[in-house]
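Work through the exercises below with the sequence and the model side by side. Try each task before you read its solution.

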Amino acid sequence: MKIYQYILIAVALFIGGCNSSVGELPPVQEQTDICELVVSVSAETTVAKEPATRADTEWDEDPNPEDPITPLEYAVDHISLYLITGDNSVLYLTPTYMSESDNRYTYKVKVNRNASYVNRQNGSYYISGRIAAIANYPDGVTPAEPLGDVPYPLSTIERSGHIPMWGVTTLDRLELLTDRTVSAGEIRLLRSVPKITIQMAEDFKDIYKITSVVPDQKDYLATANCFPTGGNTAATTGSLLIEGCFNGTSDLTDHAAPVFYNLGTDKVWTYLAERECLQVTGESDRPLSFTVTLERKDGVTDAPFTGKVYLCDYTGGAPDYTTAFPRLVRNHDYQYKISLTPLEFIISFKEWIFGGKVHVELE
């Protein structure tokens, strides 16, 4: 057969192949050693339920969908996932977003069963270790190291509308299968900032508004730290000792005044970098405090009311300055409610007990 006859036959075969439908093409062979892990992450849920762990408790009341809290306290805009092996090697995982439901976010991660960190036994493949997550780090950046100082400017919360968070879960001999996805469980996220909420009591919220909240001390840090103390050994986020999570930044030169959201209404709040509070050493010393100014909503031009919120416990109807809170700790909501004649502050941590009342005469 001459060479031009070979060419004609090849062209005919090519044209015939082009006439076949896509459905008749042979299937692409999948990589048989690739396993898909499904990882869920979330902050405290907005759904009322009995908390399973301390980290399950709601951080605030359910936000009104028509008037949502800003920033979005439950939302995950960007996630970075890491596998921490038994010898504390840190390996970056590449997550692919899958879905979101009730502020629970699901991601897919591909794992090669032939990787060095995978254990093999009797023909089965297992993975052990911890998966750590960093959510909402500024500008979608993935920090190189999840177990150590992970600082970020506090202004990123106002700019992005999201709060950086950190969480961890443990995998104990999780079998890697290639014929279906494998659940790696849920990572509960711990917000990296404390929150201060000041609001009018129910009987007064339609009469008075909060027009100003001014800190009476300086040195509020402009830099926060995403990583909590204790995270380098915690099996789960909920197993962390909450008061022991404090991990203030070592940068004491960069400061910024707290930004209170929603001024001019009956409820305001701010997010702060963790910090050491004023240590009381004498009778003249005072804990950290905020001067709060109230005005009537009906436009009456009476002189505004002012009062102080002290970050301490109270005894006998007055602030007990010797019980100043030693620290402002991440993921705590320090809540105050105000009513008039006299001005009443109700102090509580939304999640982790601490409560009391004090009556303070208006200045």
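Five exercises follow, each with a worked solution.

This is a predicted model, so local features need pLDDT of at least 70, side-chain atom pairs count only at pLDDT 80 or more, and totals for chains, interfaces and linings use all residues. Residues are numbered from 1 along each chain as its sequence is written, and side-chain values use heavy atoms, with hydrogens and water left out.

**Exercise 1. The chain as a whole**

Task: Find how many helices and strands the protein chain has, and what percentage of its residues is buried.

Solution. Start with secondary structure. Helices (H or I, at least four residues) and strands (E, at least two) are DSSP runs, numbered from the N terminus. The chain has two helices and 23 strands.

Next, take burial. Buried means under 20% relative accessible area, exposed over 50%, and partly exposed in between (1.4 Å probe, protein chains only). Of the 363 residues in the chain, 45% are buried.

Last, turn to contacts, meaning heavy atoms within 4.5 Å. Among contacts with a separation of 6 or more, 71% join residues 24 or more positions apart.

**Exercise 2. The nonpolar cores**

Task: Which residues of the largest nonpolar core touch the most other members?

Solution. Use this rule: a nonpolar core is a set of buried Ala, Val, Leu, Ile, Met, Phe, Trp, Tyr and Cys residues joined through side-chain atoms within 4.5 Å. The largest core holds 31 residues, and Val-41, Val-76 and Leu-81 touch the most other members. At least two residues each come from β1 (34-42), β2 (79-84), β5 (104-112), β7 (124-135), β9 (165-175) and β10 (182-191). β7 gives the largest share, five residues.

A second, separate core has 25 residues, including Ile-84, Ile-157, Val-168 and Phe-227.

Now look at Leu-81. Leaving aside neighbours within four places in sequence, its contacts include Val-39, Leu-93, Val-109, Ile-131 and Ile-187.

**Exercise 3. A pocket**

Task: Which residues lie closest to the centre of the second largest pocket?

Solution. First, the method. On a 1 Å grid over the protein atoms alone, a cavity is a set of points where a 1.4 Å probe fits but cannot get out, and a pocket is an open set with protein on both sides within 12 Å along at least five of seven lines; lining residues have an atom within 4 Å of a point. Grid points are joined across faces, edges and corners, and a volume is the space filled by probe spheres set on the points.

The second largest pocket has about 240 Å³ of space. It is lined by 16 residues, and closest to its centre are Leu-154, Ser-155, Ala-257, Val-259 and Tyr-271. α2 (155-160) and β14 (267-271) are the elements that give two or more residues to this lining. α2 supplies the largest share, three residues.

**Exercise 4. Gly-161**

Task: Is Gly-161 buried or exposed?

Solution. Locate Gly-161 in the loop between α2 and β9. Its relative accessibility is 15%, so Gly-161 counts as buried. Not counting residues up to four places away in sequence, Gly-161 touches Pro-71, Leu-72 and Thr-156.

**Exercise 5. Positive phi**

Task: Where do Arg-173 and Asn-262 lie?

Solution. Arg-173 lies in strand β9. It is not a glycine, yet has a positive phi of about 50°. At 41% relative accessibility, Arg-173 is partly exposed.

Asn-262 sits in the loop between β13 (223-225) and β14. Asn-262 is not a glycine either, and has a positive phi of about 75°. Its relative accessible area is 35%, so Asn-262 is partly exposed.
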